[in-house]
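Welcome, and thanks for opening the viewer. Let's walk through this model together, one selection at a time.

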Amino acid sequence: MPSTPSFRGPGTDPGTLTAVPHADQSHTTHRSASPGHPGAPRPSQVRPTPVAELADQLGIEPPAGAEGAAVTGITHDSRAVRPGDVYAALPGARLHGADFVAQAAGLGAAAVLTDPGGAERATGTGLPVLVVDDPRARMGQLAVTVYGDPGRDLLQIGITGTSGKTTTAYMIDGGLRAASAKVAEGEGGPTGLIGTVESRIGDERLKSERTTPEATDLQALFAVMRERGVRAVTMEVSSHALVLGRVDGCVFDVAVFNNLSPEHLDFHPDMEDYFRAKAQLFTSRRSRAGVVNIDDEYGKRLARESEVPVTTFSAEGHPDADWRADKAEVGPLGSVFTAVGPNGESVQASVPLPGPFNVSNALAAITALVTAGIDPQTAADGVADIPGVPGRLERVDAGQPYLAFVDYAHKPDAVESVLRAVRRVTDGKLHAVLGCGGDRDPHKRMPMGAALARLSDTAVLTSDNPRSEDPLAILATMLAGASEVPVHERGEVLLHAEREEAIAAAVARAEPGDAVLVLGKGHEQGQNIAGVVRAFDDREVLADAIRARTAEDTRRSASSHHTEQG
């Protein structure tokens, strides 16, 4: 591996609950997976690794039965075990993965990794059992070994921050594709993408169950990418992934930091803990070089404290930044700007998404790509050519005379930023729809309700994914936030517990030149109510509401014309 980053030219049975996917996202059968095998895709060719070699890596004595035993895969999900796997039986909040060792053994597991609490049950299977105090902390490195360290053959770019990870990842992928095509004289090699919306191996798309996959799935995914000729991968790295070891075994060539604002405070006790989790990505254990936004106060701190060399950027044009945006022009469907580099480079850039924050995301992508060794103009051209990002200020156009967008914003700062961005490009009124998720940080509900009321002409409060909570209780808290906005500063506030009705209510008020903005769920295709997930896609529901409104307007117009004629 080079010392500096560079773009290298030429319905199942029950199982361990440590692997239960997010209920808000539908399941997708992976083409890469073998028939009958659930879970993440796996490489087709894996060199067997002796169990004794894994024991040596863990610093323990080879277990009983290790002689002659070898493994060809590893998983933390008993339902996804394939013949020859190490089954990582992890302790969980309610159940222990060792409760499912019999299921794993029945599916062909060749060995078990667990802690002392699971050792006795695992030994009862007759399989070799690797026992360590914290198996989750060792699982990632074992996966690296089992799959032959696939990451070393990939240029890896990781993005962290509260907002903008997904958008920046798609933009970086666009730049990598442009660079690959240039190297291959127009043909281009496949790239990889791993994030909240999906994972991509070249042109194959796989629905994501979480922002960053578990370490076992991640290393298998890297191995599949390597097998298919992928040479560069972009991925989102969540704070959960860093704390829970999902990226253990990864050393990113370039780590990117966008921003930090209150979020996940049901997981992190405070903002300092949240920041320290993100900062892990900028240690020599996790990355080789950093790209940091110094428009953000936490970014300024990170640039000072990073263990790895940092290249800074500023969409606000801070003179101390290595890369900065100049002459930015923000439009209703996108923006153009000049990216100015540390050595006098001046690159014309554009981004096919509205909002000043997307100028920042685009500059982050260009800076990361340049840091990875890509020509600045090639990087900028690749960013400009992306078709858009699913659920991120995604335009819905059903022929209506007003703008309509869907966005994933689901935290106070993001909601405010998106509202201000759409307001900036709207000549008329702004009609916005927003809900808050249940079983998540309740402290952001009042600020989100307040932001919607303050910055919208029509603020429609509704349900998001209430999960196990009472939707009306969530709405009451949001309404309390909206009520704290002085009457003369807030728009008209409406309450519709049914999300479909809320979207229709916003559309009903839209006139030519206005904008309708549906926030919170973005790309998601399901809504979780009391543990039951029903199909629900904001983009489809919004388009249907627009078409229904258009049909009703046409009917009324025809009826009025008929009356006048009569």
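## First stop: a pair of helices

Please select α4 (residues 135-146) and α6 (residues 215-227): their axes are 8 Å apart, and the two helices pack at an angle of about 20°. That makes α4 roughly parallel to α6, where angles under 35 degrees count as roughly parallel, over 145 as roughly antiparallel, 65 to 115 as roughly perpendicular and the rest as oblique. Met139, Gly140, Ala143 and Val144 supply the α4 side of the contact, while Ala215, Thr216 and Gln219 supply the α6 side; contact here means heavy atoms within 4.5 Å. The crossing of α4 and α6 is right-handed (the near helix is turned clockwise from the far one by less than a right angle; anticlockwise would be left-handed).

A few words on what you are looking at. This is a predicted model, in which local features need pLDDT of at least 70 and side-chain atom pairs count only at pLDDT 80 or more, while totals for chains, interfaces and linings use all residues. Residues are numbered from 1 along each chain as its sequence is written, and side-chain values use heavy atoms, with hydrogens and water left out. Helices (H or I, at least four residues) and strands (E, at least two) are DSSP runs, numbered from the N terminus. Axes are lines fitted to C-alpha atoms, for helices over the stretch in contact, and angles run from 0 to 180 degrees between N-to-C directions.

## Add α1

Keep α4 on screen and add α1, residues 51-58. The axes of α1 and α4 come within 11 Å and cross at roughly 140°, so α1 and α4 are oblique to each other. The crossing of α1 and α4 is right-handed. To see the contact, show Glu53, Leu54, Gln57 and Leu58 in α1 against Arg138, Gln141, Leu142, Thr145 and Val146 in α4.

## Into the interior: Thr234 and Ala169

Next, select Thr234 in strand β11, residues 232-236. Is Thr234 buried or exposed? Thr234 is buried, because its relative accessible area is 0%; buried means under 20%, exposed over 50% and partly exposed in between, with a 1.4 Å probe and protein chains only. Leaving out residues up to four places away in sequence, Thr234 touches Ile157, Ile159, Ala169, Ile172, Asp173, Leu176, Gly192, Leu193 and Ile194.

From that list, pick Ala169, which sits in helix α5, residues 165-183. Ala169 counts as buried too, at 1% relative accessibility. Setting aside neighbours within four places in sequence, Ala169 is in contact with Ile159, Leu193, Thr234 and Glu236. For a longer view, draw a C-alpha to C-alpha line from Ala169 to Asp538: the two are 22 Å apart in space and 369 residues apart in sequence.

## The annotated residues

Now colour residues 391-522, which the unreviewed UniProt entry annotates as "domain: Mur ligase C-terminal". Over this stretch the chain is 36% helix and 22% strand, and the end C-alpha atoms are 4 Å apart.

Then show Arg440, Asp464, Asn465, Pro466, Arg467, Gly520 and Glu524 as sticks; the unreviewed UniProt entry covers them with the annotation "binding site". UniProt positions are given in the numbering used here, feature names are shortened, and annotations may be inferred rather than shown by experiment.

Zoom in on Glu524, in the loop between β23 (515-519) and β24 (526-529). Glu524 counts as buried because its relative accessibility is 8%. Which side chains share a polar contact with Glu524? One is Lys521, at 2.9 Å, and another is Asn465, at 3.2 Å. A polar contact is a pair of N or O atoms within 3.5 Å; within protein, one must be able to donate a hydrogen and the other to accept it, and residues adjacent in sequence count only if both atoms are side-chain atoms.

Arg467 is in the loop between β21 (458-463) and α14 (471-483), and counts as buried at 12% relative accessibility.

## Last stop: two backbone angles

Finish with Lys327 in strand β15, residues 323-330. Lys327 is not a glycine, yet has a positive phi of about 55°, and is exposed at 66% relative accessible area. Ala530 also has a positive phi of about 55° without being a glycine. Find Ala530 in the loop between β24 and β25 (532-535), where Ala530 is exposed with a relative accessible area of 60%.
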